[in-house]
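Me: I'm new to this one. Could you show it to me and then let me ask how the labels are earned?

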Amino acid sequence: MNAEVGARELYESLAEGDRAYASWLDRARGGCPDRLAAAAEYRPWWTAPDGQTLLWELYALSRVGDLLLLSERDCLDLFVPLGMTPFRGGDFDPFLHEIVEVEQAADPHAPIEITEVVRPGLMLGQLLFNRAGVRVRAGVEHAQRGVADRSPLYWTFRRPHRPTVDLSHGWGHNSQWRTDFRLDYRTPAGDRLNAAENGAIDGDPGLDPDHPSHLSPQERLLTPGERRELLRHRCLLRVPRAADALAGSPGWERDLMPFGWRLPQ
């Protein structure tokens, strides 16, 4: 994969209204599937000399996927030839499914149940490339309407129906493309979430709470369970327990930095 067939080029063409991606795909077919296949299996490929470039290219491809989100046919026509496999239903699984809309069940303890799959997800071998978008029904104890489907979605550049928080936001025209793709793997030994990072989701108990390598004040106000839900779902599911304290920090949701968290630790 080289500069002539880079996904950034495709993204910028699509963003300008050019929906003709067939010529890009024709040029990319030669090396892109083999290159992407290097990331398909859980192993520390990202530490290899060319691993950083592949992280950036996967991120650029994810931005292309954001633009094609509402066109299932275009999305599949582009990504399946690159070696990706679509998936849709099954029981609700935060690894595989992104909540698009919540119907609040009368029973507050009703578990999250998929009522409709609005767009397919994509896997690249063991690697999750994009989650399937789903409408769900759930009790308020599991997913709260207006939070699980409208609170900021992290590790995401754009969504048409909700705010997003992405490490590329706020950077310049070139710098934003030096953003790593989040690596989530489903392996026989279990799920590996944000596998290329090494941040402690509960901070370091040996550090002073105000140490810059510890959790931020906002992150410490989330419970351990809320932090884990945020990592798994990429968003909050309910109003956090410390909502009143967090309200004293306007914009706290954008100040959260969960991007280094990893599970298992």
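Reply: Sure, and a definition comes in handy right away: rings of Phe, Tyr and Trp (its six-membered ring) pair if their centres lie within 6.5 Å, and planes under 30 degrees apart count as stacked, over 60 as edge-to-face and the rest as tilted. By that rule, ring pairs link Tyr 11, Tyr 59, Phe 157 and Trp 177 into a cluster. Keep in mind that this is a predicted model, where local features need pLDDT of at least 70, side-chain atom pairs count only at pLDDT 80 or more, and totals for chains, interfaces and linings use all residues. Residues are numbered from 1 along each chain as its sequence is written, and side-chain values use heavy atoms, with hydrogens and water left out.

Me: How many aromatic pairs does the structure hold?

Reply: There are 10 aromatic pairs.

Me: What makes the pair of Tyr 59 and Trp 177 edge-to-face?

Reply: The ring centres are 6.4 Å apart, within the 6.5 Å limit, and the planes stand at 65°, over 60, so the pair is edge-to-face. Tyr 59 is in helix H4 and Trp 177 in the loop between strand E8 (164-165) and strand E9 (185-187), 118 residues apart. Helices (H or I, at least four residues) and strands (E, at least two) are DSSP runs, numbered from the N terminus.

Me: And why is Trp 177 called buried?

Reply: Buried means under 20% relative accessible area, exposed over 50%, partly exposed in between (1.4 Å probe, protein chains only). Trp 177 has 4% relative accessibility, so Trp 177 counts as buried. Tyr 59 is at 4% too, and therefore buried.

Me: What makes the pair of Phe 129 and Phe 181 stacked?

Reply: The planes of Phe 129 and Phe 181 are 25° apart, under 30, with 5.8 Å from centre to centre, so the pair is stacked. Phe 129 lies in strand E5 and Phe 181 in the loop between E8 and E9, so the pair ties together parts 52 residues apart in sequence.

Me: How do you know that the charged end of Arg 63 sits over the ring of Trp 177?

Reply: A charge sits over a ring if NZ of Lys or CZ of Arg is within 6 Å of the ring centre and within 35 degrees of the ring normal. The charged end of Arg 63 is 4.1 Å from the centre of the Trp 177 ring. Arg 186 lies over the face of Phe 95, at 4.4 Å from the ring centre.

Me: Why is Pro 94 called buried?

Reply: Pro 94 has a relative accessible area of 19%, which is under 20%, so the label holds. Pro 94 lies in the loop between strand E1 (85-87) and strand E2 (97-104). Leaving out residues up to four places away in sequence, Pro 94 touches Arg 131, Arg 232 and His 233, where contact means heavy atoms within 4.5 Å.

Me: What is special about phi of Arg 234?

Reply: Phi of Arg 234 is near 65°, a positive value in a residue other than glycine. Most residues other than glycine have a negative phi, and most peptide bonds are trans. Arg 234 is found in the loop between helix H7 (224-233) and helix H8 (243-246), and at 11% relative accessibility Arg 234 counts as buried.

Me: Which peptide bond is cis?

Reply: The bond from Leu 263 to Pro 264 is cis, with omega near -10°. Pro 264 lies in the segment after helix H9 (252-255).
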